[in-house]
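Trainee: Could we go through this model, its ligand site and its packing?
Mentor: Yes; here it is.

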Amino acid sequence: MLQGKTVIVTGAAKGIGQAIALAFAKEGANLVVNYRHTPAEETAEAIKQAGASCFMVQADVSDFSQAEHLIKEAKAHFGSVDVLINNAGITRDGLLMRMKEEDFDAVITNNLKSTFNTIRHASPIMLKQRSGAIINISSVTALIGNAGQANYAASKAGILGLTFATARELAPRGVTCNAIAPGFIQTDMTDVLKDEIKESILAAIPLHRFGTGEDVAKAALFLAENTYLTGQVIRVDGGMVMQ
Ligand code: NAP
């Protein structure tokens with residue numbers, strides 16, 4: 001189903017974005033690998049080894065015009081925009097009463113505004129095609145909060161509201177929009193946490209292991225392939241949040 005489809009993954013140089021890009025490559029999709037500072041050659045090489053086409057576009061997706069550039073380049077190169085995965089994100093953790101204004105703004109801009117920017121530019125293409133899937137990477141933090149992550153939790157909860165509104169707006173033309181809320185996934189983002197914090201998180205995970213990028217990628221594949229699923233949040237968290 002994904003053979004020959006154009007899949008854009010933002011922030012795909014490493015971590016979850018890299019794993020998602022590779023999973024779609026293995027399904028025969030054409031990959032648009034977005035990166036900002038971290039070079040994306042490793043991702044591109046893995047995609048090519050999987051036998052898929054890869055097109056790299058450097059863009060800071062928190063910038064409205066750079067996000068437009070990414071989407072335009074993808075469409076010009078592969079001829080369509082079928083799946084958009086908004087994965088790019090950052091953390092600037094700190095307790096609320098000490099949090100600097102610039103750390104709040106940076107996280108909202110990088111996580112929430114970036115997601116709006118790419119959706120804003122990709123949705124007209126998808127509406128015209130009368131098909132498309134948008135997948136936004138949120139976090140379980142959006143659902144249950146986390147001390148020291150007021151900015152991050154707000155940005156990821158904002159992504160959920162954006163997901164629901166987008167799903168309703170684009171549904172009449174068959175375009176879906178869903179979110180994935182990962183729990184603790186082993187990447188550079190979580191490697192910086194102290195061992196005692198990691199241990200306390202592990203104790204709260206019923207499946208008693210940290211997740212991998214591949215765990216998240218499987219949910220992304222499922223959402224991209226199911227055209228009767230929209231406005232949903234899939235938690236990939238080892239059972240941390242149950243409802
Ligand atoms: P990561 O290893 O730090 O990778 C994040 C990637 O996003 C980096 O390559 C970074 O590029 C890129 N990026 C950030 N802002 C960008 C921007 N404005 N434009 C383009 N690229 C940008 O993090 P990760 O753990 O894979 O996280 C991926 C996503 O999953 C994030 O949205 C994160 O919030 C979410 N998530 C992660 C976890 C977890 O446990 N790891 C849990 C829940 C949700 P540069 O290196 O060039 O800055």
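**Contacts, ligand shell and cores**

Mentor: Outside its neighbours within four places in sequence, A142 is in contact with A153, K156, A157 and L160, where contact means heavy atoms within 4.5 Å. This is a predicted model, in which local features need pLDDT of at least 70, side-chain atom pairs count only at pLDDT 80 or more, and totals for chains, interfaces and linings use all residues. Residues are numbered from 1 along each chain as its sequence is written, and side-chain values use heavy atoms, with hydrogens and water left out.

Trainee: Is A142 buried or exposed?
Mentor: Buried means under 20% relative accessible area, exposed over 50%, and partly exposed in between (1.4 Å probe, protein chains only). The relative accessible area of A142 is 18%, so A142 is buried.

Trainee: Which helix does A142 lie in?
Mentor: Helices here are DSSP runs of H or I with at least four residues, strands are runs of E with at least two, and both are numbered from the N terminus. The run that holds A142 covers residues 141-144 and is helix α5.

Trainee: Which residue has a polar backbone atom 2.7 Å from an oxygen atom of the ligand?
Mentor: A backbone N or O atom of V61 lies 3.1 Å from a nitrogen atom of the ligand. A polar backbone atom of G183 is 3.3 Å from a ligand oxygen atom. The 2.7 Å distance to a ligand oxygen atom belongs to I185.

Trainee: How much of the accessible area of the ligand does the protein cover?
Mentor: Accessible areas come from the Shrake-Rupley method with a 1.4 Å probe; for residues, only the protein chains shown count as cover. On its own the ligand has 890 Å² of accessible area, and the protein covers 94%.

Trainee: Which element gives the most to the shell around the ligand?
Mentor: The elements that give two or more residues to this shell are α1 (15-26), α4 (101-129), α6 (150-170) and α7 (188-191). With three residues, the one that gives the most is α7.

Trainee: Which element gives the most to the largest nonpolar core?
Mentor: A nonpolar core is a set of buried Ala, Val, Leu, Ile, Met, Phe, Trp, Tyr and Cys residues joined through side-chain atoms within 4.5 Å. The largest has 36 residues, and F24 is one of those with the most contacts inside it. Elements that each supply at least two residues of this core include β1 (6-9), β4 (83-86) and α9 (213-225). With seven residues, the element that gives the most is α9.

Technical notes. A polar contact is a pair of N or O atoms within 3.5 Å; within protein, one must be able to donate a hydrogen and the other to accept it, and residues adjacent in sequence count only if both atoms are side-chain atoms.
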